[in-house]
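User: Please take a close look at a single part of this model, and set it in its context for someone who has not seen it before. I would like one connected account, with each term explained as it comes up.

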Amino acid sequence: MKKIDAIAKNMKADRLISITCLKKEAGFEIYYHFSKNNSPDIEEAKLEIESKEEVESMIPWYAHAELLESEITEVYGVKFVGNPSSGKRLFLEEK
Amino acid sequence: MHKTCLFPIGPQHPSLKEPIFLKLYLEGTIVKKAEFDLGYAHRGVEEKLEDKFLDTTLHAVQRTCGICSQCHSLAFLRAVEGIGEIEIPKRVALQRIIIAELERIHSHLLWTGVMMHELGLETLFMYFMREREKILDAFDEVSGNRVHHSTDLVGTMKRNFSDENIELVLKSVDGIKNKVAEYRQTIESHDVIRDRCIGKGLITNKEAKKYGLVGPVARASGINYDVRVNSPYMGYEIVKVKPILRKEGDAHSRTLIRLDEIFESIRIVEESCSKIPKDEKVPKYPVKKIVHGYGVGRVEAPRGENFHFVKIDNAKTTRVKIRTPTLANIIMYPKIIEKADITDVPVIVMSMDPCISCMERVAVIKDGKTEVWNSHELSKGRKDD
């Protein structure tokens with residue numbers, strides 16, 4: 001599992017804006033974008049993972065990461081360890 | 001001893017203007033637990049934006065939402081123009097924010113009207129719809145479209161606003177001022193509205209911070225955050241915005257904050273119109289070819305911060321991620337509905353101003369035929385035979 005505590009702690013951001021997943025030839029790139037109240041800029045952190053590698057969830061630091069991660073799990077199959085939604089929130093369930 | 005029963009609301013329900021399925025577990029009339037199901041309006045927007053030239057992508061991005069078309073256009077352009085290091089002239093910057101602020105006014109008028117409908121005040125609903133028509137007429141005049149204005153191009157705009165256009169815009173916003181002020185006073189003091197809204201759907205400042213809420217929902221809980229103020233862009237570098245804040249965090253404060261934002265938007269439109277340089281014209285398209293790179297852009301949509309991630313390879317967009325304000329705020333729904341009375345649920349849900357179609361971005365239109373893809377097919381990027 002890819003740990004992300006370093007990203008979460010070092011960023012010292014006020015808010016997580018979004019999580020974006022990009023598919024690469026082998027694996028994925030995950031971009032975290034953060035906002036700080038005293039800065040007009042968007043802070044960015046990038047994580048590179050292999051195809052079946054799992055990633056630690058951002059929920060302990062930013063509670064609203066739940067739906068953002070869940071969407072990535074649904075579309076790309078990337079699993080976030082510690083996310084209770086486990087990819088079943090944004091699309092209708094398959095019958 | 002009360003027995004818990006499941007009370008479903010939606011996905012199609014008179015109290016919801018867009019499809020969302022709320023599962024409420026009741027004890028008597030009190031909601032003990034709330035869950036929601038999404039996915040009834042997915043259209044595959046992000047997937048369809050892959051491998052498209054920038055002008056095609058921009059055209060599609062502007063149609064992500066039927067209410068806040070301009071805010072998607074501006075977030076996308078903020079990212080793309082950042083990648084291409086394009087500086088936009090003053091006229092373009094101001095024309096863009098005139099459309100953006102008119103959009104905020106029409107969105108808030110629409111929302112307040114629907115909120116009044118939820119409260120059973122149909123006359124006020126009709127009054128707000130009547131005022132909104134004046135703003136839609138202004139859109140028609142400057143862009144030729146009442147809903148999807150689509151006035152922007154990368155680095156420029158499709159046309160210069162004429163003096164007659166500006167005059168009609170100013171007449172439209174001036175025409176709603178007194179009426180909206182009168183309706184605001186009614187909403188602030190009306191006993192039925194106060195009883196149904198004050199203390200309902202409470203979000204504390206701490207909760208708003210913890211869940212990263214955005215827009216009027218966050219500002220009604222005392223979060224001083226507005227992208228136009230914290231990270232000024234385009235015309236907001238020229239025309240400064242005064243943020244509007246409240247502390248109560250309930251449905252009533254969320255209503256009043258949107259009404260107050262209408263007046264601030266009217267002021268911004270008036271100031272922007274007065275500052276448009278008459279001797280300047282919008283640049284000819286294309287301004288610059290953008291071949292590679294990635295960037296991000298965020299703007300303050302009527303519902304809050306709207307974020308776009310854009311990656312360009314060989315002059316085509318290979319990935320566009322859109323994080324709409326409703327996606328940031330929807331996590332609060334179960335939390336504010338729990339412990340509420342069932343009769344208050346429509347008011348509480350509506351006070352968050354959800355835009356479900358805008359949030360659900362992923363049916364796919366292929367060769368003019370609409371197909372509905374399931375999540376498994378979407379993850380593979382193709383439909384099963």
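Analyst: **From the overall layout to one strand and its partners**

Read from the N terminus, chain A follows the order α-β-β-β-β-α-β, which comes to two helices and five strands; here helices (H or I, at least four residues) and strands (E, at least two) are DSSP runs, numbered from the N terminus. This is a predicted model, in which local features need pLDDT of at least 70 and side-chain atom pairs count only at pLDDT 80 or more, while totals for chains, interfaces and linings use all residues. Residues are numbered from 1 along each chain as its sequence is written, and chains are lettered from A and ligands numbered from 1 in the order in which they are written. The model scores ipTM 0.92 and pTM 0.90.

The part to look at closely is strand β9 of chain B, residues 316-323. Six of the eight residues in β9(B) are buried, a residue being buried if 20 or more other C-beta atoms lie within 10 Å of its own, exposed if 12 or fewer, and partly exposed in between, with C-beta atoms placed from the backbone.

Strand β9(B) pairs with strand β8(B), residues 304-313, in the antiparallel sense over seven bridges; two strands pair if DSSP finds at least two bridges between them. Asp313(B) has Lys316(B) of β9(B) as its bridge partner, and in the hairpin that β8(B) and β9(B) form, with two residues between the strands, Asn314(B) takes a positive phi near 50°. Strand β4(B), residues 52-53, also runs antiparallel to β9(B), joined to it by two bridges, and there Phe53(B) is the bridge partner of Lys316(B). Lys316(B) is thus a bridge partner of both Asp313(B) and Phe53(B).

How far the predictor trusts chain B is given by pLDDT, its confidence in each residue, from 0 to 100. The mean pLDDT of chain B is 90, and 92% of its residues reach 70 or more. Confidence in chain B is highest in helix α11(B), residues 251-275, at 97, and lowest in strand β10(B), residues 364-366, at a mean of 43. Over residues 362-368 of chain B pLDDT stays under 50, and for this stretch the model has 19 contacts beyond four places in sequence, where two residues are in contact if their C-beta atoms, placed from the backbone, lie within 7 Å.
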